[in-house]
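User: I would like a close look at a single part of this model, beginning with a side-chain contact and its surroundings. Please then relate that part to the nonpolar cores and to the cysteines.

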Amino acid sequence: MFNFIFSSDLTVDKRVNVDIISIPLKIIQKSMVIAHIHVIDFDDENNIINKNVLLHQAGEIWHISASPADKGVLATCYNKTADGKVVTCAAVWRMPAELEPGGHESPEDAASPAHALELLCHLGPAAHGSTACVAWEPAGDGKRVISLADNHILLWDLQESSSQAVLASSASLEGKGQLKFTTGRWSPHHNCTQVATANDTAVRGWDTRTMSQIYCIESAHGQLVRDLDFNPNKQYYLASCGDDCRVKFWDTRNVTEPVKTLEEHSHWVWGVRYNHSHDQLVLTGSSDSRVILSNMVSISSEPFGHLVDDDDLSEQEERSQEPPQDSVIATYEEHEDSVYAVDWSSADPWLFASLSYDGRLVINRVPRALKYHILL
């Protein structure tokens, strides 16, 4: 079973902001009325998709992220009007137990009304500013989250079954102008003590123990940085993408220049994701309506493929062996509009999904020939 979560706030105004988090998937449409969160179950064996709908009463959703430790808990960033101003707040919610990913409504329940989410806690007052995103600690018990609000990075401890959020520490982005964070990613390495953030064209690394900056890539991209992702198998490698149509790969020990740059897209690149198991597989989605699956084997944890004992190779095989080359594996053009999000299944490393402006969700598989080449 392959589970997704996505939210849609349906309205006449079809402007969309989309993101995908880990196994859950989300689509967000601007709404003046009401917001819904859709929980999608994909049964790979029978090729069947089922869904449940949850009511998000707090306001229009601009970002959603699911707890890696509790499949029934998620966080949203949503718009709220206060004192005549619109601010983006953040909160943690729980789904009804019977609707958590893994179950699905039967055909006779398809017309049933949406179920309401249970509010667990708010992530701070609006005084911190508008919240751009929320990132959960990748490992552990799901009790620590980072929120990015304007120029503040805030570390929260969730207590009493996530019913209370306590601000553990914070840091502010200093510099000229009105600096604001746009996105962030929590590294699964270094005992989960590092977070990467983006603001404008810069990418920065932070140590969550001291909330101090540990590296800075001032001009990581020529235009706005849209997304970040850490290599799951190489602790110092980070991918970024942005409005300059490029995807760049960085070694955070030396950020003077990227170790690799991809220029396969013709418009803004909204999402980049490493495969959770095979880090040579990289997904990107762009406003050019395409999803590209790349084989970045030269900067992966297995740059020469699977190691084979020399005794098992003949002399001719040794001479014919060449290091694998980076390449575009496939370009997917099922979408008719801008692709705002891509992500891999955390249950099946060969499945991935993409989501476009028009609300189309497409699930694809890694080509079988490549799958067996990697495995064998």
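Analyst: In this predicted model, the side chains of Asn 79 and Thr 88 are joined by a polar contact of 2.9 Å. Asn 79 lies in strand β7 and has a relative accessible area of 18%, so it counts as buried under the 20% limit. Leaving aside residues up to four places away in sequence, Asn 79 touches Ala 58, Gly 59, Glu 60, Trp 62, Val 86, Val 87 and Thr 88.

Strand β7 (73-82) also gives two or more residues to the largest nonpolar core, as do β8 (85-94), β10 (118-122), β11 (131-136), β12 (144-149) and β13 (152-159). That core has 16 residues, of which Val 92, Leu 123, Val 134, Trp 136, Val 145 and Leu 158 touch the most other members. With the same sequence exclusion, the contacts of Val 92 include Val 73, Leu 74 and Ala 75, together with Leu 119, Leu 120, Cys 121, Leu 123, Trp 136 and Leu 158; Glu 118 is also touched by Val 92. A second core, separate from this one, holds 15 residues, among them Ala 35, Ile 37, Ile 61 and Ile 64. In soluble globular proteins, nonpolar side chains tend to be buried together.

As for the cysteines, Cys 121 is buried at a relative accessible area of 5%, and Cys 89 is likewise buried, at 15%. The closest cysteine sulfur to that of Cys 89 belongs to Cys 77 and is 9.3 Å away; because a disulfide requires sulfur atoms within 2.5 Å, this separation is too far for a bond. A search of the whole structure finds zero disulfides.

Methods. Residues numbered from 1 in each chain as written. Predicted model: local features only at pLDDT ≥ 70, side-chain atom pairs only at ≥ 80, totals over all residues. Heavy atoms only, no water. Core = buried A, V, L, I, M, F, W, Y, C linked by side-chain atoms within 4.5 Å. Buried < 20%, exposed > 50% of the residue type's maximum accessible area, 1.4 Å probe, protein only. Helix = DSSP H or I, 4+ residues; strand = E, 2+ residues; numbered from the N terminus. Contact = heavy atoms within 4.5 Å. Polar contact = N/O pair within 3.5 Å; in protein donor to acceptor, adjacent residues only side chain to side chain.
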